[in-house]
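User: I am new to this structure. Please take a close look at one part, the place where the two chains meet, and then follow the salt bridges from there.

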Amino acid sequence: MQNSTNQKPVISIHYLNHYFGQGQLRKQVLFDINLEIAAGEIVIMTGPSGSGKTTLLTLVSGLRSTQSGSMRILGQELCGATNEQLIQARRHNGYIFQAHNLHRSLTALQNVQMGLEVQSKFSRPEMEECATAMLEQVGLGNRLNYYPENLSGGQKQRVAIARALVSHPAIVLADEPTAALDSKSGRDVVNLMQKLAKEQKSTILLVTHDNRILDIADRIVHMEDGKLVNNSTMSMAA
Amino acid sequence: MIFKVLKNRTPLGWLQLKHDKMRLLTALSGIAFADILIFMQLGFKDALYTTNTQYPRQIQGDIVVLSSQATNFNKLSTFPRRRLYQAMDIPGVKSAEAVYLGSLDWRNPQTRKKTSMMVIGFDPDRPVFDLPEVNRQLDKVKIPNTVLLDQASRGEYQEVISQIQQGKTLTTEIDRNTVTITGLFQVGASFQDDGALITSAQNFLQLFPRRQVGTVSLGVINLKDGYNLEDVRTYLNAYLPQDIRAFTYQEYVEFELNYIQTSSAIGFIFGLGTAVGLIVGIVIVYQVLSTDVNDHMAEYATFKAMGYRNFYLLGVVFEEAIILAFIGFVPSVAIASGLYRLTAIATALPLVMPVSRVILVLILTIMMCTVSGAIATRKLHSADPADIF
Ligand SMILES: Nc1ncnc2c1ncn2[C@@H]1O[C@H](COP(=O)(O)OP(=O)(O)OP(=O)(O)O)[C@@H](O)[C@H]1O
Ligand SMILES: [Mg+2]
């Protein structure tokens, strides 16, 4: 059971089961999941539709309560965690959604600032400075005051990446971040994520159907019918 | 701490409102409509209270003495004039004047129709009302069987008015007496009587043969300099027999107001109008805010996924509500003031905009928007971050 490496894993999942629905309709979607991800690792999760990838991601990120098994994120057990603990856990993560989910009343800059404001430890000028620098890094230094409606799909997804990474999260979670993009912008977006995460030493767990981006992964895990197959958890990469 | 958080906070509510100009406009017109409705209702209510307490308000005195049976200006009952002489013995009392009040039917000189008029009689050498028009003409009523007519009396008086203004006099009948109208003044009708006549105490007693000079309706007391109003009033109540009650001028106006507020439907009718205005406002603001919450569900869920608390989102909705309240309120004060002036000109009702009403309506507006906001936030709980991945 105990990990043999001296480095503590950032994400450590053991015997995780998850069910949806109640009573007669209760349906198990995740079965005995075991997965450990070390700091700085980029793990890609693939698998057919409905296999439970998104469900696992929402559990890792604290968006859903873990029902049974163990889910330790940065040393914190999320199984049985209080609502407040879940909220705190969410603040360690950067999220990149399939849809960009930018706030349409906010400019690119303001959207990115929202990723910092939640930490409530920066002053306004600091937030503005960080957010500007982040947008420059994703190549949108000349679009700071654009509203999402005036940005292309790829640009919007890059703003979303900037928003997720601006607070230098320990863990980056992405659910099909390239699904809404053409292959060129999809590739750009993934390269960008890889580059920034490496710079910030973040750990990445990325769900995708897109075979063209698998090359950025340190490790690939496959989900099938709620079970991780070819589970390479114990064979630590690096 | 709170201040620092607020200072660093992105004004999300304001940015959301600003982004959708149509929605902002809808909300603002809704609030302005509700506020103007409320302002008009409150304005009319107060105007009616004022018009129905005109004479009490115009009394020129420090202390007013009434029979302890008195319910309001139209039902004052009477008390012995001796009480006023007794009052003169009390330290600080400079003068105590008797006022006689009664109601009778007279024939409108123009239409010959019988209508009820209030008649006020007092010593023409000692004015008791703060009505310069009346006080200037008091010499005229020293002549037997003459009266001054309130030209704002209900009914048709245009010819009468123009004749008197040309310097002529007019006669009409009251019971078997013939009286001459020698002058005009302007106060306004009340619920009770269609109009009013002012005359001398002697003429009054002539018109009301069953009333005696020794039984008066109301006493007006003025004090010497340097005496405390409340002290003298208290002393009067203690010193004089229990068949009278003394009020300070302010207390007496309150007494009259209280009567009209509790005994008439004015408060209920216009209170209802105000409530309707509030409900209209709540419904419109709720519509706008809940549409806004619905439209931003995915964004709000994203914020929750980023680690924002539900409380933060509640704050956004309330921020919107408060902003709407303030910017909807400002134009409505301006518009209502204009409407007050127009209505005052058209109806001769004394519509004014006191600061207290401005503050009251502002508070009502904030409450209205907060209630709407509170209902609109119920949907926030369904912004589930687990459903947006
Ligand atoms: N909120 C829910 N309530 C009930 N069942 C759900 C819920 N969300 C997902 N499921 C079910 O759980 C299973 C796993 O769904 P999940 O969304 O995790 O799949 P996925 O691997 O992300 O699929 P896709 O690749 O299509 O996004 C599916 O059978 C789905 O129908
Ligand atoms: Mg999915």
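Analyst: The interface comes first, then chain B, then its salt bridges and one in chain A.

This is a predicted model, in which local features need pLDDT of at least 70, side-chain atom pairs count only at pLDDT 80 or more, and totals for chains, interfaces and linings use all residues. Residues are numbered from 1 along each chain as its sequence is written, chains are lettered from A and ligands numbered from 1 in the order in which they are written, and side-chain values use heavy atoms, with hydrogens and water left out.

Start with the interface. Chain A gives 34 residues to the contact and chain B gives 26. Contact here means heavy atoms within 4.5 Å. The size of an interface is often given as the accessible area lost when the parts come together. Between chain B and chain A, about 2800 Å² is buried. Carbon and sulfur atoms carry 56% of that area. Buried area is the accessible area (1.4 Å probe) that two parts lose on being put together, summed over both.

Now the charged pairs. Two salt bridges are counted between chain B and chain A. A salt bridge needs a side-chain nitrogen of Lys or Arg within 4 Å of a carboxyl oxygen of Asp or Glu. A:Glu84 and B:Arg309 form a salt bridge through their side chains, at 2.4 Å from N to O. Polar contacts are also found: 13 residue pairs across the interface of chain B and chain A, both residues at pLDDT 80 or more. A polar contact is a pair of N or O atoms within 3.5 Å; within protein, one must be able to donate a hydrogen and the other to accept it, and residues adjacent in sequence count only if both atoms are side-chain atoms.

Which elements of chain B give two or more residues to the side that touches chain A? They are helix H1 (2–8), helix H2 (12–19) and helix H12 (297–306) of chain B. H12(B) gives the largest share, seven residues. Helices (H or I, at least four residues) and strands (E, at least two) are DSSP runs, numbered from the N terminus.

Step back to chain B as a whole. Its secondary structure has 14 helices and eleven strands. The radius of gyration of chain B, taken over C-alpha atoms, is 30 Å, well over the 21 Å that the globule rule gives for 389 residues, so chain B is more spread out than a compact globule. That rule is 2.2 Å times the number of residues to the power 0.38. The C-alpha trace of chain B spans about 95 × 50 × 30 Å along its principal axes. Of the 389 residues, 51% count as buried. Buried means under 20% relative accessible area, exposed over 50%, and partly exposed in between (1.4 Å probe, protein chains only).

Inside chain B, B:Arg357 pairs with B:Asp46 in a salt bridge, with the closest N and O atoms 3.1 Å apart. B:Arg357 lies in helix H14 (residues 355–376) and B:Asp46 in helix H3 (residues 21–51) of chain B, so the pair ties together parts 311 residues apart in sequence. B:Arg357 counts as buried, at 6% relative accessibility. B:Asp46 is partly exposed, at 34%. B:Asp20, B:Arg23, B:Asp292 and B:Asp295 are linked in a salt-bridge network.

Chain A offers A:Arg187 and A:Asp215, a salt bridge with the closest N and O atoms 2.9 Å apart. A:Arg187 is partly exposed at 24% relative accessibility, and A:Asp215 is exposed at 54%. Over all chains, the structure holds 21 salt bridges.
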